[in-house]
Structures are given as structure tokens and as C-alpha cells.
Amino acid sequence: MIKNQEYKNAALAALKGHWTPAVIASILFLLISLAISGATSFAQPDTQAMLENPGNPMAAFSGLWPLMCFGSLASLFLLIPIEIGFYYSFLLLYRHGDDKVTENMFREAFRPRYGRNVLAMFLMGMLVMLGCLFFLIPGIILALCYAILPYVLKDNPELSAIEAMKKTRQMMKGHKFDYFWLCLSFIGWLLLGILTVGIGYIWLIPYMQTTIGAFYDDVKNGTAGLPSDAPYVATEKVE
């Protein structure tokens with residue numbers, strides 16, 4: 001594995017001259033995420049109705065079922081695919097200098113193997129959630145095991161959902177701490193984003209996603225190093 005700063009240098013090189021489309025895509029993704037998440041979080045139980053009907057706990061959700069169903073279905077069948085497309089669009093920017101980030105985000109969200117992609121991400125989410133319910137640490141470890149699943153799904157359309165998850169676990173063997181350390185290296189930027197009332201995140205998100213794309217390609221290809229002055233064009237590792 002190469003150093004975190006080399007991943008970041010490669011990401012900055014890939015983003016050079018392409019910050020505008022990257023930022024626009026990030027803002028759009030954030031707005032979509034907030035809209036869908038907001039619909040779900042808005043459907044909170046009516047505590048007054050709960051107190052007035054102690055024998056009928058479902059009364060607290062009266063009138064909220066349509067909104068709750070919409071939010072849940074939209075999160076599963078719309079937000080998850082768009083999230084996959086969003087991640088992969090930055091990998092395409094990193095690999096090939098493709099700055100059609102917004103277009104790629106929506107195109108890659110729904111092709112190929114849309115149903116399989118949704119199923120794999122859903123299963124991953126359930127595993128991580130169950131891990132967190134029992135103990136926090138297993139949940140974190142599972143999240144690290146499947147951190148690169150969106151990229152594996154897009155790069156391996158021939159695999160089933162279970163096969164893609166298995167391949168992801170295999171690829172992350174010995175690299176979970178590397179990924180954790182890479183994400184932790186952005187802590188200063190995350191704090192700066194808070195200080196700027198979230199405005200800084202519209203630049204931080206492209207930076208982080210492109211850096212993670214560099215990390216993924218290193219894991220995938222067993223790369224010894226990356227140029228710091230130009231995007232790395234991935235090649236298949238010869239067995």
C-alpha cells in the first residue's frame with residue numbers, strides 16, 4: 001500500500017480543472033439525500049396520540065404510513081443506486097479524467113444490474129446494523145469490510161450480490177485499517193467543514209471520494225505507487 005498523502009495527491013491531480021462539475025454533483029447528491037432522508041425523518045410518531053392510546057401503539061403512526069413508506073422505498077430503490085453512481089462517478093474521474101460527474105452519477109446508478117446492486121447494498125446495511133446492535137465494534141469492522149462494495153459492484157457486473165460481497169471482503173483483507181486510517185486523515189477537514197457551517201463539505205466530498213477511488217484502485221491492482229502530477233489510469237493486474 002502507498003501512503004495516504006500519495007492518494008490525496010493523485011486525487012487533487014485528477015480534480016485539477018474539474019472542480020466545478022465535481023462540486024455541482026456533490027451539491028446535487030446532498031440535496032437528493034436530504035430530501036429523501038427528510039421525508040423519512042419527518043414521519044415521526046405522534047407522542048400525544050401515543051399517550052392518549054396506550055393500548056394501541058400504532059395510533060402514534062396514524063396518517064404517517066404513506067410518508068414512511070415513501071421514504072423507506074425511496075431510500076432503498078432511489079437513494080442507494082444514486083449513491084453507488086455518485087461514488088463510481090468519482091472513480092471514473094480519477095481513472096479517466098471523465099468530468100461528466102453528474103451525468104455519470106445518474107447513468108451509473110441504474111445500470112447495469114440495478115436490482116443486484118440494491119440487494120447487495122441492502123444486505124450490507126443490514127449486516128452493519130446488526131453488528132452495531134450487538135456491539136459497536138463488530139458493526140464498525142463490518143462497515144470497513146464492505147467499504148469498497150459500490151466499486152466492486154460496478155467493476156464486476158457478472159457477479160451476484162453475494163459473490164460481490166464475498167469479493168469485497170477478500171479484497172479488504174489486510175486493508176481495513178488502511179481504509180480507516182485514510183478516512184481518519186480527513187478529520188481536520190471534517191472539523192473545518194463544521195466551522196464553515198457545512199459549506200466546506202461541498203469541496204471536501206469530491207476530494208474524499210476521489211481519494212477513496214485512488215485507494216480502491218490500489219487495492220484492486222496492487223499498485224506500488226501513483227504519480228502525484230496526473231491521474232492514474234487503472235490497468236488490470238496480470239496474474
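In this predicted model, Arg95 is a good place to start: the residue is buried, with a relative accessible area of just 7%, and the cut-off for buried is anything under 20%. Even tucked away like that, Arg95 has charged company. One partner is Asp217, and the closest N and O atoms of this salt bridge are 2.8 Å apart. Arg95 sits in helix 4 and Asp217 in helix 12 (residues 201-221), so the salt bridge ties together parts of the chain that are 122 residues apart in sequence. Asp217 is buried too, with a relative accessible area of 0%.

Arg95 also meets the side chain of Asp155 in a salt bridge, at 2.7 Å from N to O. Here again the pair links distant parts of the chain: Arg95 belongs to helix 4 (residues 65-96), Asp155 belongs to helix 8 (residues 149-155), and 60 residues separate them. Zooming out a little, Arg95, Asp155, Asp217 and Lys220 turn out to be linked in a network of salt bridges.

The whole structure holds 7 salt bridges. Among them is a pairing between Arg107 and Glu108, where the closest N and O atoms are 4.0 Å apart. A salt bridge is counted when the nitrogen and the carboxyl oxygen lie within 4 Å. As for how covered these two residues are, Arg107 counts as partly exposed at 25% relative accessibility, whereas Glu108 is buried, at 10%. The labels follow from the cut-offs, because buried means under 20% and partly exposed runs from there up to 50%.

Now for the greasy side of things. Leu119, Phe122, Met126, Met129, Leu130, Leu133, Phe134 and Phe135 make up a nonpolar surface patch of about 850 Å². Take Leu130 as one of its members: this leucine is found in helix 6 (residues 114-134), and Leu130 is partly exposed, with a relative accessible area of 40%. To join a patch, a residue needs over 30% relative accessible area, so Leu130 at 40% clears that bar.

Helix 6 also has a helix to cross. Two packed helices are described by the angle between their axes and by the distance between those axes. For helix 6 and helix 9 (residues 161-172), the axes come within 9 Å and cross at roughly 55°. That angle makes helix 6 oblique to helix 9, because roughly parallel is kept for angles under 35 degrees and roughly perpendicular for 65 to 115. The crossing of helix 6 and helix 9 is right-handed.

Note on methods: Residues numbered from 1 in each chain as written. Predicted model: local features only at pLDDT ≥ 70, side-chain atom pairs only at ≥ 80, totals over all residues. Heavy atoms only, no water. Helix = DSSP H or I, 4+ residues; strand = E, 2+ residues; numbered from the N terminus. Buried < 20%, exposed > 50% of the residue type's maximum accessible area, 1.4 Å probe, protein only. Patch = residues over 30% accessible without salt bridge, like charges linked within 9 Å, V, L, I, M, F, W, Y side chains within 5 Å. Areas by Shrake-Rupley, 256 points an atom, 1.4 Å probe, with all protein chains shown as cover. Axes fitted to C-alpha atoms, helices over the stretch in contact; angles between N-to-C directions. Parallel < 35°, antiparallel > 145°, perpendicular 65-115°, else oblique. Left-handed = near helix turned anticlockwise from the far one by under 90°.
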